[in-house]
Amino acid sequence: MRCFVTLLVLLALFNAILNASEDGGQVYIVYLGHLPASGLLESESFSAIEAAHEDLLDQVLDDGSFASDRILHSYKRSLNGFAARLTEQEARRLSSMEGIVSIFPSRTHELLTTRSWDFLGFPQTPKEDLPLQGEIIIGMIDSGVWPDSPSFSDEGFGPPPSRWKGSCQNFTCNNKIIGARAYQLGLSGGTGLSPLDETGHGSHTASIVAGRAVGNVSFGGLATGTVRGAVPGARLAIYKVCDDDGGCDDADILAAYDDAIADGVDVISFSIGRRFPLPYFEEASAIGSFHAMKRGVLVSAAAGNHARVNGRVCNVAPWMLSIAASSIDRRFVDKILLGNGKTIVGASINSFPDVQNATLTVPINGSCYPDDIAIGSYKGEIIICQTYNEEYGSGLLLAGAAGAVILGDDLPDDVAFTLPLPALMVTRDKFDEILAYVNDTNNPVGTIDSTETTVDTQAPTAASFSSPGPNMITPWILKPDLSAPGIDIIASWSPKASPSGVPEDKRIVLYSIETGTSMACPHASGAAAFVKSFHRDWSPAMIMSALITTAAPMNTPGNSGSNELKYGAGQLNPSKARDPGLVYHASESNYVALLCAQGYNASQLALITGSNATACVTGFSGDLNYPTMAAHVTPGQNFSVDFSRIVTNVGRSASVEYTVDIIVITRTAQELEVFVSPGTLEFSAENRTASYMVSVSGVVPPVKEVISVDIVWSSSDSEYVVRSPLVLYTTNVGMPTGETTP
């Protein structure tokens, strides 16, 4: 997992950088909502929108500057707005003007498989299904792509779908990668920016979604097998918004959404996030995904990697799919054999040759910081480090170390890190055991073996780093939605990127092993594209519903310390999602009703929707026709809550009945009253929809707890089981104590 350590350390710094200009201004996004209707030709319409943006901005500029010099990007293809350098005072004056939905600083976000698809029970795509997938276009908003990877070969592909409107800027496309653009603070690809992937992240995620099947792939002999994406026959469109350091700016993210929607993508995969969520119309991806939903484009996004630093699920808009990370049944372990005969087991992705009987050394002052290590002589020795990041990796290589043993207290213990030299990470007790041996021995030595692969019988388990709920923006909507493989995933890589993230690590690889919700997200994106290939007329909400209600439950012994706030509805199950039986549909008007319930007014929503008929009526967020149900309740107090839902029969039989089961997941749920009315749903060719109500009441214990119940509808023909988790929680939905949003 190349960037994990550095991203955890540098996140606050990245998010604090707001692209200051020389005169003290910074980049702001001015969101104006829906594109105005125009009978003009496209080029004329674009010019008119740009002129309107400049006229609007000119009204608040009083320093003699011109709006055309301040505006970095005009959003004019799928949504209306612009990014511009403004002073705080100018932004404040602009926010008070009519026609503005929101103004917010352009923040910088972070970039958050041989076995994973097999583990999900998802077989390779039959040849006869490849042409069907060829009509599906997946937009990757990420760090670019390395097109020469075998995963992106277009052998056997025909031309792109005729509806495709995208372009390839400073990039040679083929019939697999049919579009490529790059952005940098409003600059377009025409200025010389390249969509080539310099970090490896974008190539990795793209191949998980739609990579061709490539046999006999490994990382230095590890994870050997056939690497493949969910929909190898699908097309890819690349939108590079992240720089070579992994920073991804809001202004560029929104520009990518603006283009991707207009270009004609079917699904957008977004493995980018932050430590905490933001209000929907102060965050580029929430805005972009709303306009994607309006055009029938599903957005799948990473939940975030910040559980270990008290973060919360970050991509929480109800019109996008939010994906947590979970394990697969493969783990990587490494060992060091001490001179006293004891074997210590740790974890790493170490494909180097064994290091035999090297001296074990504690560096001067106990520090592995590069400047400290440079003082001593460590050539050929195994250095013992009490912490690690990519900078320390550089120091170890420059010092000539033969290997390293690293204390992993501050790092997730369910992850194997790719390190730039033979090394392993160990727990505190094992680290102390090694230190005791070194301190008590005149000539302490050790042998570091290459990494071994073991089977994890507890999988799938929720990843320790995966950002949990509750949803801080809309507590009545359960986020994350579901989990997908995100630990130790092998996929395509860029030869320009170090596999360990350490510049001095000069290894060149075409496939690398990575970890994060960044890897989980494209599994769900690919599954969504798979479902879309069979159901071209399904709305994004229907596809989301199919994925969520068919997810495999994760209330297993391996997840005894976890719950739905961590892993959502459960583990992704693409094969079942193709034919879910029932789906929960929601349209733009349903999401508008939710926004009304959250306090947005009719005037704001009219700008967003482009309809003067938009009106707010009394309601509450839990009434959104969502495939899961959630509520925040006060511990120790009586409560009563109702959830109304409408399901649509999409199963093979038009005339069918479904009966309900209420399955208690947590013991304390037995003390509550849960009713579903009616208990039977009847469908026919004339009546494809049916509604029901879930009522829950009682008193929850006066402790922090998550109470879970499954509402399960089973068809009379025994073909379908449709599961909707209902979650009650007492966890605080506000900012964790002592935390601020970076």
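**Exercise 1. Work out how far helix α14 is covered by the rest of the structure.**

Step 1. Start with the ground rules: this is a predicted model, where local features need pLDDT of at least 70, side-chain atom pairs count only at pLDDT 80 or more, and totals for chains, interfaces and linings use all residues. Residues are numbered from 1 along each chain as its sequence is written, and side-chain values use heavy atoms, with hydrogens and water left out.

Step 2. Find the helix: α14 spans residues 540-549. Helices here are DSSP runs (H or I, at least four residues), strands are runs of E with at least two, and both are numbered from the N terminus.

Step 3. Go through the residues. Buried means under 20% relative accessible area, exposed over 50%, and partly exposed in between, with a 1.4 Å probe and protein chains only. Pro540, Ala541, Met542, Ile543, Met544, Ser545, Ala546, Leu547, Ile548 and Thr549 are buried.

Step 4. Conclude: 10 of the 10 residues are buried, so α14 is largely enclosed by the rest of the structure.

**Exercise 2. Trace the open sheet of 7 strands and find what packs on it.**

Step 1. Write down the order, β7-β10-β6-β12-β14-β15-β24, with parallel pairing. Two strands pair if DSSP finds at least two bridges between them.

Step 2. Pick out the edges: β7 and β24 each pair on one side only.

Step 3. Add the twist. Ignoring direction, neighbouring strands of this sheet are turned by 25° against each other on average. Angles run from 0 to 180 degrees between N-to-C directions, and axes are lines fitted to C-alpha atoms, for helices over the stretch in contact.

Step 4. Place the helix: α13 (residues 517-534) packs on the sheet and touches β6, β12, β14 (298-302), β15 (321-326) and β24. Contact means heavy atoms within 4.5 Å. The direction of α13 makes about 125° with that of β15.

Step 5. Zoom in on two pairings. β7 is joined to β10 (residues 235-240) by 5 bridges, running parallel, and Ala182 stands opposite Lys240 in β10. Between β6 and β12 (residues 267-270) there are 4 bridges, again parallel, with Ile138 opposite Val267 in β12.

Step 6. Check the cover on β7 (residues 177-182): 6 of its 6 residues are buried, so this strand is largely enclosed by the rest of the structure.

**Exercise 3. Describe the open sheet of 3 strands and its edges.**

Step 1. The order is β11-β5-β13, and the pairing is antiparallel.

Step 2. β11 (247-249) and β13 (272-273) stand at the edges with a single partner strand each, so one side of each has no neighbour in the sheet.

Step 3. Look at one pair: 3 bridges join β5 (residues 108-111) to β11, and Thr108 stands opposite Asp249 in β11.

**Exercise 4. Describe how helices α9 and α17 cross.**

Step 1. Two packed helices are described by the angle between their axes and the distance between the axes.

Step 2. The axes of α9 (residues 284-294) and α17 (residues 588-597) come within 10 Å and cross at roughly 145°.

Step 3. Name the contact residues: Phe290, Met293 and Lys294 from α9, and Glu588, Tyr591 and Leu595 from α17.

**Exercise 5. Check the backbone at Pro470, Pro480, Asn170 and Asp488.**

Step 1. Take the prolines. A cis peptide bond joins Gly469 and Pro470, with omega about 10°; another cis bond joins Lys479 and Pro480, with omega about 0°. Pro470 lies in the loop between β23 (452-455) and β24 (482-485), and Pro480 is found in the loop between β23 and β24.

Step 2. Turn to phi. Asn170 is not a glycine, yet it has a positive phi of about 55°. Asp488, not a glycine either, has a positive phi of about 55°.

Step 3. Place these two residues. Asn170 sits in the loop between β6 (137-142) and β7, and Asp488 in the loop between β24 and β25 (489-492).

Step 4. Compare with the accessibility cut-offs: Asn170 counts as partly exposed because its relative accessibility is 46%, whereas Asp488, at 2%, counts as buried.
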